[in-house]
Structure formats: structure tokens, C-alpha cells
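Q: I am new to this structure and would love a close look at one part of it. Could you pick a single helix, walk me around it, and then show me how it fits into its surroundings?

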Amino acid sequence: MTKPRKSFHLGFKRWIIVAVIVLEIIVAGIYKPISPHVQLAPETLTPVVELPIIGNFALTNTMVSVFIADIILILAAIAVFRAYRKPGSIPKGVAGVFEMIIEALYNLAQTTAGKWAKKIFPVMATIFLLVLMVNLMKLIPGVESVGWLHEVPEGQHGYPVQSLGFMAYIYDPGEEQSADNGQVDVTHEKRSGEANLAEGGDDEHGGGYNIIPFVRPASTDLSFTLSLAVIAILGVQIIGVRAGGLGYFTKFFNFGNFLKMWTKKKIGAFDMIMPLIDIFVGMLELMAEVARIISFAFRLLGVMFAGAILLFLMGSLFLVLQSGFLALELFFGVIQAFVFAMLTLVFMTMATHSHSGGHDEEHAEAH
Amino acid sequence: MEFNEFFVEGMKLLAAGIAMIGTIGAGLGIGLAGMGAVQGIARNPDAAGAIQINMILAAAFAEAVAIYALVVALMMVFVA
């Protein structure tokens, strides 16, 4: 309140931001955003080839995003390494940012895992950084909107295009609008997305085009999230074995009391029931591990895929509202990466506790 | 039995909508987690950091249920 006008005049960069927003409104008015083709399975960029061990293989656009994230992380690692090569230097720039992230994560691991923090932290931090990079990739302009053009088959919904010159095409709004004015039921058909019901009254859209984006965030692909979940849960088992030896597996296959039962001279009813309950609890633990994998995979996939569809819908329905949802997606991307890493940390920490410690881990099994 | 394809499409959308009813429970759960966290922080502001982390974990568990419902709904619309 004391200096209202001074801060208003300062700051050249904020005027650039305002200009970009105004430009966005104008461009969005001319080239009206359209909703792209929504597909759960990742699109293939190259033809399918037969490889010796892997089998059928095709480069999908979600794999491209993982490669980009890997390259970004490796470059960041090199930058951090160069910044810390000189002893006593204060890191700045990229190294400073990564020092902040790593320090916060390490403090978290230290308070949660205690003496096991050094073993658990690399796995957790790797998962966090990879998922973070992949999640935030959808905020880059051009991701999911630039790609190969392909003609949709008859009976599906496509969009008309116009040429921009050298092998480049852009969505042509003119024909679509004229088609809108001509027929009323076309607008209904547009809202229904890809499911083309009115094939008869849809001659204008018959030979439309769609794009296969070059880059699509890998967290919208079940292969990525499921493999990451399997890696995390396998890491949990490995940490458990390192902490408790092979006795860790008595958590799942608890036949100890069952075998001990037969050595007793007198067997009461209670002595017979309790070992069976132990075996049953072990089976429940085994099922809980599988449920954790599914929970891990579908949480990340659901949030990110729904976020992508939300961005598509908001971008195609309203002109400028998508910017706000981009901020929301930034938030969700960071939160989901944090949750994935945090749950890995917590599960690993629980695996390091000795099995005889009782039932203190039930609170995390409730999902 | 043979159904009209419009009927099938409409039923798919209706099923997707019904599947999202499951998010009521997740909303309640996240609300309870937030309520507990805010009350805890109000009583003991020093423990805000630890409470926040646990609250985010609990909210993630509650949210997972909503996301299962969302995945079912998305499959109804886009896959099935």
C-alpha cells in the first residue's frame, strides 16, 4: 500500500508476459484450438520391426519423452558435477536448484528412514526426478500438438488441414466453420469426440486428418507407470532382504508356528487356529504387495491421463482458460512425482523394520 | 440380443457418469485428512512439516480410489 505506483511501472518482463497473453487470445481466436484424438495406448511413430529378444518393437511417442527426460537429467548431472568439481565453490544456476531438491529429499529420507536413508535415497530420488521430468513435459508447447499427420479412416472424426509450405501443415479453421454453419447436427457430432455416430450426415469430415504427436508424456502410458511400479516394489523386497536376511520372506510365507505346532505334546483348539491365521495373514501380505503395484501404476496413469484430457477439453472449449489449468497440471505433476517417491520411501522403510515388530504397518495397507 | 448402436453409446456415457459416483468417498476422505491436518497444525504449529507430509500421503491414498473410478470412466468412454 505504501508504494503502489512505483512497482507498477517497474518490471519490463511482466509486460512481455502480458503481451504473450494478449497474443495467445488473438491467435486462439483465429486458429481455434481443437481437441486432438484421444487414445489410451501410445501411438507408434515407426513401423513395427521384429527384434531378436524383445519381439515386436516400435518406437512410441511415450518412449521419446522418456529419452528426452533422460537426456535432460544426464545434462543436469553433468552440470552439477562441473559445478562441484572446484572445492569450496558456491553452486548457482542449475546446480543450485538441484542441490535444493536433493537436500529436501535427503532430509525427508533421513527423517523417515533413519539409518537406512543412504540405501533408500538413491532409488527414491531417481524415481522422483524421472517422474517429475516426464510429468512436466506436457507443459512444454508443442508436446502433444506437433506430430505426423495421418489420414483418419472412413467413419472416424478428422479435421481439415491447410499447407504451410515445406511439408508443414496446420489445422484449417475456415472449412470447419463453414461446415458448422451449414449443418446443425455437425456441432453435436463434434462434441461426441471420436465416436462417429452420424456417418450419413458427415461427408465433410470423411477424409479428415489427425496428428500422431512426436512426444507424449510417458506417464500417460501404462507401460511406463507399471514398469516403474514393479521396479519400486522389487526394490522394496531387495531392501527387506538386505535388512532382515531371508527371514524377510517369513512375512509372506509364515509356516513357522504351523510346523512348531506338531512338536507339542498337547494341541488345543487355540494352538491349531493361530498358525492358520498366521499363514492367512502372510497370504494377505502377498496380495497387498500386488495391490501396491496396481495402486502405484494406476494412480500415476489416472492422474496424468485425466490431466491430459482435461487440457485437451479446456483448450478446445474455451479460448484462454487453459493457462489456468496448465498451472493446475504443474501442481499435480509435482505432487504425483512426490507421492510416488514418498510411497516408495515409506514402503522401503517399512520393509527394513523387523517382522517381529508387530502390526505397526497396518496403517499404510489401507489403500 | 441386438441393441441400437446409439443406445449402446448412450449407455457407455451413462456408465462412465455412474462410475464417477465413487469419487464421493474420495472427496470425503481427502476432506477428513485436510481437517485433521489443519486441526493438528492449529494445536501444534511446530509440527506443520511432518503433518503436511503425512497429510499428503493420506490424501494420495484417498485419491487413489477416485482415480480408479476415473480410470473406469475413461475406459468406458475411450476404450470400451
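A: Happily: what follows looks closely at helix H4 of chain A and then widens out to the core, the partner chain and the confidence of the model. Please keep in mind throughout that this is a predicted model.

Let us begin with the setting. Chain A has 367 residues, and 23% of them count as buried. Its secondary structure comes to 11 helices and 6 strands. Among the contacts in chain A with a separation of 6 or more, 69% are between residues 24 or more positions apart.

Now for the helix itself. H4(A) runs over residues 94-113, which makes 20 residues. At 1.5 Å a residue it should span 28 Å, and its end C-alpha atoms are indeed 28 Å apart, so the expected and modelled lengths agree. Just after the helix comes Gly114(A), which takes a positive phi of about 70°.

Try looking down the axis of H4(A) next. The buried residues of this helix are Leu108(A), Ala109(A) and Ala113(A). They fall within an arc of 105°, so they line one face of the helix. On the other side you will find exposed residues: Met100(A), Glu103(A), Ala104(A), Asn107(A) and Thr111(A).

Tyr106(A) also belongs to H4(A). It counts as partly exposed, because it has 15 C-beta neighbours inside 10 Å, while a residue needs 20 or more to be buried and 12 or fewer to be exposed. To place Tyr106(A) against another part of the chain, take Phe224(A): the two are 118 residues apart in sequence and 25 Å apart in space, C-alpha to C-alpha.

What does the buried face of H4(A) pack against? Its partners are helix H5 (117-136) and helix H11 (322-352) of chain A. Met124(A) is a good residue to click on here. Leaving aside residues up to four places away in sequence, Met124(A) touches Leu105(A), Ala109(A), Ala341(A), Thr344(A) and Leu345(A). Ala109(A) is one of the buried residues of H4(A).

From there we can step into the core. In soluble globular proteins, nonpolar side chains tend to be buried together. The largest nonpolar core here has 67 residues, and Met124(A) is among those with the most contacts inside it, along with Ile120(A), Ile127(A), Val131(A), Phe340(A) and Leu345(A). From chain A, the elements giving two or more residues to this core are helix H3 (61-85), H4, H5, helix H8 (222-244), helix H10 (269-317) and H11; from chain B, they are helix H2 (23-43) and H3. H3(B) gives the most to this core, with 15 residues.

That brings us to where the two chains meet. Here 14 residues of chain B are in contact with 16 residues of chain A. On the chain B side, helix H1 (5-19) and helix H3 (48-79) each supply at least two residues. The largest share, 12 residues, comes from H3(B). By type, this side of chain B divides into 13 nonpolar residues, no polar ones and 1 charged.

For contrast, here are two exposed aromatic residues elsewhere in chain A. Phe280(A) has its place in helix H10. It is exposed, with 11 other C-beta atoms within 10 Å. Between Phe280(A) and Phe98(A) there are 46 Å from C-alpha to C-alpha, and they are 182 residues apart in sequence. Trp15(A) is found in helix H2 of chain A, residues 12-30. With 9 C-beta neighbours inside 10 Å, Trp15(A) counts as exposed too. Its C-alpha atom is separated by 21 Å from that of Ile140(A), 125 residues apart along the chain.

Finally, a word on confidence. Chain A averages a pLDDT of 76, and 76% of the residues score at least 70. Over residues 175-206 of chain A the pLDDT stays under 50, and the model has 31 contacts beyond four places in sequence for this stretch. The pLDDT is also below 50 over residues 356-367 of chain A, a stretch with 8 contacts in the model beyond near neighbours in sequence. For chain B the mean pLDDT is 86, and 99% of its residues reach 70 or more. Within chain B, confidence is lowest in H3(B), at a mean of 81, and highest in H2(B), at 93. For the complex, the predictor gives an ipTM of 0.72 and a pTM of 0.76.

Conventions: Residues are numbered from 1 along each chain as its sequence is written. Chains are lettered from A and ligands numbered from 1 in the order in which they are written. This is a predicted model: local features need pLDDT of at least 70, side-chain atom pairs count only at pLDDT 80 or more; totals for chains, interfaces and linings use all residues. Two residues are in contact if their C-beta atoms, placed from the backbone, lie within 7 Å. Helices (H or I, at least four residues) and strands (E, at least two) are DSSP runs, numbered from the N terminus. Ala, Val, Leu, Ile, Met, Phe, Trp, Tyr, Cys and Pro count as nonpolar, Asp, Glu, Lys and Arg as charged, and the others, Gly among them, as polar. The expected span of a helix is 1.5 Å times one less than its number of residues. The arc is that of the directions from the helix axis to the C-beta atoms. A nonpolar core is a set of buried Ala, Val, Leu, Ile, Met, Phe, Trp, Tyr and Cys residues joined through C-beta atoms within 7 Å. pLDDT is the predictor's confidence in each residue, from 0 to 100.
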